[in-house]
Every structure is written in C-alpha cells, then in structure tokens.
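Here's a quick briefing to read alongside the structure. Have the sequence handy, and let's start with one helix and work outwards.

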Amino acid sequence: MKCELNLVFEENDGTLRWLFNILIYAHQISDPDIRKGIQPTLKEFLHKRSYQEVLRLAETDISEEDFVKDYLKQNLIKFNSTHVLIKGAKIKAMCFTIEQAGHMQQAADPDSVAPEIIGLFEGHEFKLNQIRLCAEEALKEAGAKGVKIESFSHE
C-alpha cells in the first residue's frame, strides 16, 4: 500500500502566486547557472506565454524594484491549468523555497532593499502553516483521528 499527499491550488490561489513570484524573482536576479535550475519548474507550471516573458525579462536591464512593481505585483503570470497539482517530493521542494523566502526576508536590509522586494517574502510562516492545516484536514476527511502535524519543512 502507498499513500501520497497532493496539494491542489487554483490559479488564483494566493499561496501559489506568492510562491511563483518568489521563484520568478529568484530567476530574474540570478546568474545563468541558477536560472537554468529554476527554469524546469517554471516551464512545467507556467503558461507558455508567461514562461517566455519570464525568460525575456531576465535578459533585460530592468531594475529589481521595477520588475517587482511592474510585473510581479500586477499578477500578470498565468499557469498552465486552472488547477495546479503539487505532490510528493515537489511539496518538499516547495517548502524549501518557502523557508528560503523567510531567510531572505530576515537577511534583507530595509535601508538598502526596496519595500516591494521585502514584501515578496512576507508571510512565509503563514504559507507553511496553511500547508500543515490542509494536510491535517485531508487526513481527517479520510477518517484519521487525533491528527496533529508538527510542521512542514524541506527536511
């Protein structure tokens, strides 16, 4: 017997958009080797036009602040499907990205980093808690009793 956790996000789900805004931002500011590591995930989940736009913008000289204000905060990205399924090891990778967002927020110097950029990373603890509560609820709906998940993490 095998059991697998699936998280289903709707395209307009704030958690999914928050996560992909961070991935797209990381792609935008990273060197080509890091970008290549992020691109398969972006390609898998983003609509083809959105993915192409992310690649195009990475080759421009747009400032980080303008990129966040003019692109990410405008909710211009679209996904391949109205429902996005993340399961198994991808949930663990998603938790890693969320945890990294928390580290980036803590490390950001408010005197030198624009508020729009710091704002991208806010809410990471809430997102991990949402995943935990969702998983607990799914187990309860399946008949589990006394379910209490301590936390979700990449570890």
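Which residues of H2 are buried? They are Arg-35, Ile-38, Leu-42 and Phe-45. Bear in mind that this is a predicted model. The points below look at H2 itself, then the core, then the charged pairs.

**Helix H2**
- H2 runs over residues 32-45, which makes 14 residues. From first C-alpha to last it reaches 20 Å, close to the 20 Å you'd expect at 1.5 Å a residue.
- There's a bend of about 35 degrees at Ile-38, and Pro-40 is the proline that follows within four residues. Ile-38 is also one of the buried residues of the helix.
- At the N-terminal end, Asp-31 does the capping. One of its side-chain oxygens sits 3.1 Å from the backbone nitrogen of Asp-33.
- As for what lies over the buried residues of H2, the cover includes H1, helix H3 (48-58), strand S2 (83-87) and helix H5 (89-107).

**The nonpolar core**
- As a rule in soluble globular proteins, nonpolar side chains tend to be buried together.
- Here, the largest nonpolar core takes in 40 residues. The members that touch the most others are Phe-20, Ile-24, Leu-42 and Leu-46.
- Which helix gives the most to this core? That's H1 (residues 14-29), with eight residues.
- Leu-46 has plenty of company: leaving out residues up to four places away in sequence, it touches Phe-20, Ile-24, Tyr-51, Val-54, Ile-77, Lys-78, Phe-79 and Asn-80.
- Leu-42 turns up twice, as one of those best-connected core members and as a buried residue of H2.

**Salt bridges**
- How many salt bridges are there? The count comes to four, and three of the pairs are picked out here.
- Glu-59 and Arg-35 pair up at 3.6 Å, N to O. This one links distant parts of the chain, with Glu-59 in the loop between H3 and helix H4 (64-70) and Arg-35 in helix H2, 24 residues apart.
- Is Glu-59 buried or exposed? Glu-59 is exposed, at 63% relative accessible area, while its partner Arg-35 counts as buried at 12% relative accessibility.
- Lys-90 and Glu-44 make another bridge, and their closest N and O atoms are 2.4 Å apart. Lys-90 is in helix H5 and Glu-44 in helix H2, so this pair ties together parts that are 46 residues apart in sequence.
- Both ends of that bridge are partly exposed: Lys-90 has a relative accessible area of 37%, and Glu-44 has 40%.
- Arg-56 and Glu-53 meet at 2.8 Å, N to O. Here both partners lie in helix H3, three residues apart, or about one turn of the helix.
- Arg-56 is partly exposed at 44% relative accessible area, and Glu-53 also counts as partly exposed, at 26% relative accessibility.

**A buried arginine in H1**
- Arg-17 lies in helix H1. With a relative accessible area of 12%, Arg-17 is buried because that value falls under 20%.
- What does Arg-17 touch, not counting residues up to four places away in sequence? Its contacts are Glu-11, Asn-75, Ile-77 and Phe-79.
- Ile-77 and Phe-79 also appear among the residues that Leu-46 touches.

Technical notes:
Residues are numbered from 1 along each chain as its sequence is written. This is a predicted model: local features need pLDDT of at least 70, side-chain atom pairs count only at pLDDT 80 or more; totals for chains, interfaces and linings use all residues. Side-chain values use heavy atoms; hydrogens and water are left out. A nonpolar core is a set of buried Ala, Val, Leu, Ile, Met, Phe, Trp, Tyr and Cys residues joined through side-chain atoms within 4.5 Å. Buried means under 20% relative accessible area, exposed over 50%, partly exposed in between (1.4 Å probe, protein chains only). Helices (H or I, at least four residues) and strands (E, at least two) are DSSP runs, numbered from the N terminus. Contact means heavy atoms within 4.5 Å. The expected span of a helix is 1.5 Å times one less than its number of residues. The bend at a residue is the angle between axes fitted to the seven residues ending there and the seven starting there. A polar contact is a pair of N or O atoms within 3.5 Å; within protein, one must be able to donate a hydrogen and the other to accept it, and residues adjacent in sequence count only if both atoms are side-chain atoms. A salt bridge is a side-chain nitrogen of Lys or Arg within 4 Å of a carboxyl oxygen of Asp or Glu.
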